[in-house]
Amino acid sequence: MSRFTPTQINTLYEVIAARRDMRHFRSDPLDEALMTRLLEAAHCAPSVGYMQPWRFIRVKSVEVRRKMLALVEAERIETASALGERQQEFLRLKVEGMRECAEILVAALCDKREQHVFGRRTMPDMDLASVACAIQNMWLAARVEDVGMGWVSMFDPEALRDLLQMPSGSRPVAILCLGRVDEFYPRPMLETQQWRTRADLATLVFDDHWRMDDNELFD
């Protein structure tokens with residue numbers, strides 16, 4: 001029998017549905033006990049071979065934050081130029097909240113990962129999947145704490161690694177913005193901005209074999 005009540009089960013699904021990738025923050029500081037809870041939630045994530053490959057860097061320096069923002073802005077421009085006819089539409093989107101948020105964390109892969117073979121011999125990128133699980137744990141914990149969180153992926157990983165003085169073999173995965181928000185978006189921001197809509201789940205789930213759509217047959 002489940003040790004969780006129907007109310008608790010429903011709450012979990014509600015939190016998952018209410019999670020948002022936030023871009024608008026207040027700068028009110030987050031207390032240390034709260035930050036510890038969020039990091040502990042991340043650290044409870046599953047990891048391949050129990051290798052726990054995640055590392056988190058809290059960016060407290062205003063100067064380091066400024067330099068990180070410059071890296072993100074440079075990649076934003078490069079991304080826009082690669083989008084062709086959607087370039088101007090993309091440039092109107094707010095893609096980060098680094099200026100306003102209370103906390104910035106960099107989630108990273110550890111170095112010396114080649115020593116961990118368990119579960120990675122044929123699937124070496126499972127360590128990356130493990131870090132993604134840790135980020136999602138933090139995201140859901142932040143949501144129940146009424147803390148907004150946004151994942152920023154627009155940066156040159158080598159440049160960010162150098163800026164943060166990370167060891168050779170390590171790899172930054174995400175810049176995470178955290179902070180209080182005036183309100184959570186009612187729907188994902190890229191839906192409200194008409195960038196994309198959520199795919200129909202029925203088109204993403206197959207039985208036994210990959211289902212070929214009509215369009216794919218002619219690729």
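**Figure A. Glu73 is partly exposed, with a relative accessible area of 27%, and pairs with Arg76 in a salt bridge.** This is a predicted model: local features need pLDDT of at least 70, side-chain atom pairs count only at pLDDT 80 or more, and totals for chains, interfaces and linings use all residues. Residues are numbered from 1 along each chain as its sequence is written, and side-chain values use heavy atoms, with hydrogens and water left out. The closest N and O atoms of Arg76 and Glu73 are 3.0 Å apart; a salt bridge is a side-chain nitrogen of Lys or Arg within 4 Å of a carboxyl oxygen of Asp or Glu. Because they are three residues apart in helix α3, Arg76 and Glu73 are separated by about one helical turn. Arg76 is buried, at a relative accessible area of 16%. Buried means under 20% relative accessible area, exposed over 50%, and partly exposed in between (1.4 Å probe, protein chains only).

**Figure B. Arg37 and Glu145 form a salt bridge through their side chains.** The N to O distance of this pair is 2.8 Å. Arg37 lies in helix α2 (residues 32–43) and Glu145 in the loop between α5 and β3 (148–152), so the salt bridge ties together parts that are 108 residues apart in sequence. Helices (H or I, at least four residues) and strands (E, at least two) are DSSP runs, numbered from the N terminus. Arg37 is partly exposed at 41% relative accessibility, and Glu145 is partly exposed at 25%. Side chains of opposite charge can pair when their charged atoms come close. The structure holds 17 salt bridges.

**Figure C. Glu191 and Arg187 form another salt bridge.** Their closest N and O atoms are 3.4 Å apart. Glu191 counts as buried, at 17% relative accessibility, whereas Arg187 is partly exposed, with a relative accessible area of 44%. Elsewhere, Arg26, Asp28 and Asp182 are joined into one network by salt bridges that share partners.

**Figure D. Phe90 belongs to the largest nonpolar core, which has 28 residues.** A nonpolar core is a set of buried Ala, Val, Leu, Ile, Met, Phe, Trp, Tyr and Cys residues joined through side-chain atoms within 4.5 Å. Phe90 is among the residues with the most contacts inside this core, together with Met68, Met98, Ile104, Val106, Leu160 and Ile175. At least two residues of the core come from each of α3 (62–82), β2 and β4 (171–179). Helix α3 gives the largest share, four residues. Apart from this core lies another, of 25 residues, including Trp54, Ala107, Ala174 and Leu178. Leaving aside neighbours within four places in sequence, Phe90 is in contact with Arg76, Thr79, Ala80, Leu83, Val95, Met154 and Trp195. Contact means heavy atoms within 4.5 Å.

**Figure E. Leu105 lies in strand β2.** At 0% relative accessibility, Leu105 counts as buried. Its C-alpha is 5.9 Å from that of Ile175, although the two residues are 70 apart in sequence. Not counting residues up to four places away in sequence, Leu105 touches Met35, Leu39, Ile57, Arg58, Met138, Ala174, Ile175, Leu176 and Leu178.

**Figure F. Arg120 sits in the loop between β2 (103–109) and α5 (126–144).** Arg120 counts as buried, at 11% relative accessibility. Its side chain makes a polar contact with the side chain of Asp127 at 3.0 Å. A polar contact is a pair of N or O atoms within 3.5 Å; within protein, one must be able to donate a hydrogen and the other to accept it, and residues adjacent in sequence count only if both atoms are side-chain atoms. Residues up to four places away in sequence aside, Arg120 touches Val48, Met51, Arg113, Glu114, Met126 and Asp127.

**Figure G. Tyr13 is part of a nonpolar patch on the surface.** The patch is formed by Phe4, Ile9, Leu12, Tyr13 and Ile16, which together have about 500 Å² of accessible area. Accessible areas come from the Shrake-Rupley method with a 1.4 Å probe; for residues, only the protein chains shown count as cover. Patches are made of residues with over 30% relative accessible area and no salt bridge: like charges are joined within 9 Å, nonpolar side chains (Val, Leu, Ile, Met, Phe, Trp, Tyr) within 5 Å. Tyr13 is placed in helix α1 (residues 6–18) and counts as exposed, at 57% relative accessibility.
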